[in-house]
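Grab a pencil and work through these exercises with the model open beside you. Each one sets a task and then walks through a solution.

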Amino acid sequence: MKPDVMIRPQPQLAQAVMDESGQNVNLCYQCRKCAAGCPVSYAMDYKPAQIIHAIRLGADEIVFKSKTVWLCASCETCTTRCPQDVDVMKVMDAVKIIATRRGVKPAIPQVASFNKAALANIKKCGRMYELGMIFGLKLRTFEFFKDMGLGIKMVLKRKLKMIPSFTGAWTTWRIFRRVKSLEKKNRNA
Ligand code: SF4
Ligand code: SF4
């Protein structure tokens, strides 16, 4: 007997993810080993295997509105466990990149702000200058007083450097410039 409703997979999203990450999500056979090993899956609304499945189905709404990709800690446990050699972490990154490019509001804006603040800081200082990154994050989130007590404790215990070292700043800046020109080239290709 034929089902009443036929769900036809939409391949566009899977193709976009493949183009961005080089990962073929269609190799996934839903063994869920990625989800079983993920250390933050307890906090995710959809498990990594479900996100992979939603990408294959072309369920943009689920993929882009999900908190999962923004909670991903890039630990690569899923990647090492996948019997099909799908680099799930790269897929998570690709979804974030595509969402940002399409102007989709991140499901956890604080994570997107943190990523931007961290990258801007590394680009300027050559490596992470924590105090500068915290300042950049506060400017983006307007949460000026959040975790202030913790910050003061860290300064008092000299866990936060007051002045950045700028070691390797020139090399890092060149890496950023190179990546930007490669991205531009890929977009125009
Ligand atoms: S890389 Fe992300 S999705 Fe994969 S196991 Fe780690 S936290 Fe989970
Ligand atoms: S471990 Fe690999 S094959 Fe298994 S569900 Fe996850 S992505 Fe799919």
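Before we start, one definition for the helix-packing tasks: axes are lines fitted to C-alpha atoms, for helices over the stretch in contact, and angles run from 0 to 180 degrees between N-to-C directions. Keep in mind, too, that this is a predicted model.

**Exercise 1. Work out how H8 packs on H11, and say which residues do the touching.**

Step 1: get the geometry. H8 and helix H11, residues 169–188, pack with their axes 7 Å apart and at an angle of about 125°.

Step 2: name the arrangement. Angles of 65 to 115 degrees count as roughly perpendicular and those over 145 as roughly antiparallel, with the rest above 35 being oblique. H8 and H11 are therefore oblique to each other.

Step 3: list the contacts. H8 brings Ile122, Lys123 and Cys125, and these meet Ala169, Thr172, Trp173 and Phe176 of H11. Sorted by class, the contact of H8 with H11 has five nonpolar residues, one polar and one charged.

**Exercise 2. Do the same for H8 and H9, and add the handedness of the crossing.**

Step 1: the helices are H8 (residues 109–125) and H9 (residues 130–141), and they pack at an angle of about 140° with 9 Å between their axes. That makes H8 oblique to H9.

Step 2: check the hand. H8 and H9 cross in a right-handed way.

Step 3: look at who meets whom. From H8, the residues in contact include Phe114, Ala117, Asn121 and Cys125, while those from H9 include Gly132, Met133, Leu137 and Arg140. The class split for the contact of H8 with H9 is seven nonpolar, six polar and two charged.

**Exercise 3. Classify the packing of H1 against H7.**

Step 1: the axes of H1 (residues 11–21) and H7 come within 9 Å and cross at roughly 105°. H1 and H7 are therefore roughly perpendicular to each other.

Step 2: in H1, the contact residues are Ala16, Val17, Glu20 and Ser21; their partners in H7 include Lys90, Val91, Ala94 and Ile98. Here the contact of H1 with H7 comes out as seven nonpolar, one polar and three charged residues.

**Exercise 4. Describe the shells around ligand 1 and ligand 2.**

Step 1: ligand 1 has 15 residues around it, and the closest are Cys38, Cys72, Cys75, Thr77 and Cys78. Helix H6 (77–81) and helix H7 (88–101) are the elements that give two or more residues to this shell. The largest share, three residues, comes from H7. By class, the shell around ligand 1 has eleven nonpolar, three polar and one charged residues.

Step 2: ligand 2 is also surrounded by 15 residues, of which Cys28, Cys31, Cys34, Ala49 and Cys82 come nearest. Two or more residues each come from helix H2 (33–37) and helix H3 (48–57). The shell around ligand 2 holds ten nonpolar, two polar and three charged residues.

**Exercise 5. Step back and sketch the whole chain.**

Step 1: count the elements. The chain has eleven helices and zero strands.

Step 2: split the chain up. The domain assignment gives domain 1 as 11–101 and domain 2 as 109–188. Taken over C-alpha atoms, the centres of domain 1 and domain 2 are 26 Å apart.

Step 3: add a scale bar. The C-alpha trace spans about 70 × 40 × 30 Å along its principal axes.

Conventions: Residues are numbered from 1 along each chain as its sequence is written. Chains are lettered from A and ligands numbered from 1 in the order in which they are written. This is a predicted model: local features need pLDDT of at least 70, side-chain atom pairs count only at pLDDT 80 or more; totals for chains, interfaces and linings use all residues. A residue is near a molecule or strand if its C-beta atom, placed from the backbone, lies within 6 Å of it. Helices (H or I, at least four residues) and strands (E, at least two) are DSSP runs, numbered from the N terminus. Ala, Val, Leu, Ile, Met, Phe, Trp, Tyr, Cys and Pro count as nonpolar, Asp, Glu, Lys and Arg as charged, and the others, Gly among them, as polar. Domain bounds come from an automatic or database domain assignment. A crossing is left-handed if the near helix is turned anticlockwise from the far one by less than a right angle, and right-handed if clockwise. Two residues are in contact if their C-beta atoms, placed from the backbone, lie within 7 Å.
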